[in-house]
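Biologist: Please put the model on screen. I have some questions about the strands and the overall form.

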Amino acid sequence: MADTNGLFIYGIVPSDVETTPDAEGVGNPPGAVTVIRHGELAALVSAVGLEEPMGRPADLTAYEQLLNGTAEVAPVLPVRFGTVVTGEDAVDELLEAHHDRFAGALDELENRRQYIVHGRFDESAVVGGFLAENASAAALADQVRGRSEAESREQRIRLGEMIGQAVELRREAENRSLIEAVGRHTVANVARPPSHELDAVNVAFLVGADDEEEFVRAVEEFAEQRRDLIRARLRGPLAPYDFVSAHQLVE
């Protein structure tokens, strides 16, 4: 009878990394996280049923919590969520086949962690500012004010398009301003796709341990300067999802 269990792989780490006894992985009930070592590398894994559905919110939370917690104490290469192999031999083969690339990437990530700055525009502030600067848009706004949607459908569509374009341009400008404001305290940055039509900034930064305090201070200053326009928040430290993963090095 075929084995009904497999191994869920979370990430690749240096071989000296140990898991804590309370580390929990995905699954219902959650599986215990263990380490499989090969040379200078190790993989963080837990047993799961091969037919068990993955993708529950609790599974994604467990995946992220494990990787983010690991990133606080050691470099880690995230493995794409949902990667399940048939057993330890498959993990050994993965680590052996890509040993040097994985090891090199981990060396580059030593003492570096990811942060994400995400913020959304205050709708009334950004739209009001745009209408104050654009006479054509302001005229359209006057035309639709007090009229039913049916009567002013074309004007509303055009106004919505103009506002959407303006928000997109402003978003691009704010992302550039953020990168300019904090970039000197970072190693790399990646502008992330907006998650909402009113997203103002959404940028991932790779930050060295020695620069974390200055980076956080610079983000706080940026947010304070725009507090009437943008509601910003800082997430991190995190595993370097936006900068390097095991799959990127394999593919």
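Modeller: This is a predicted model, where local features need pLDDT of at least 70, side-chain atom pairs count only at pLDDT 80 or more, and totals for chains, interfaces and linings use all residues. Residues are numbered from 1 along each chain as its sequence is written, and side-chain values use heavy atoms, with hydrogens and water left out.

Biologist: How many of the nine residues of strand β3 are buried?

Modeller: Strands are DSSP runs of E, at least two residues, numbered from the N terminus. Buried means under 20% relative accessible area with a 1.4 Å probe, protein chains only. Strand β3 covers residues 41-49 and is mostly covered; its buried residues number seven.

Biologist: Which residue in β3 does I9 stand opposite?

Modeller: Two strands pair if DSSP finds at least two bridges between them. Strand β1 (residues 5-14) runs antiparallel to β3, joined by nine bridges. Opposite I9 in β3 stands V45.

Biologist: What is the bridge partner of V35 in β3?

Modeller: Strand β2 (residues 34-38) also pairs with β3, in the antiparallel sense over five bridges. The β2 and β3 hairpin has two residues between the strands, and G39 takes a positive phi near 60 degrees there. For V35, the partner in β3 is L44.

Biologist: What is the radius of gyration of the protein chain?

Modeller: The chain has eight helices (H or I runs, at least four residues) and nine strands. The globule rule, 2.2 Å times the number of residues to the power 0.38, gives 18 Å for 251 residues, and the chain is well over that, so it is more spread out than a compact globule. Taken over C-alpha atoms, its radius of gyration is 23 Å.

How values were computed
Buried means under 20% relative accessible area, exposed over 50%, partly exposed in between (1.4 Å probe, protein chains only).
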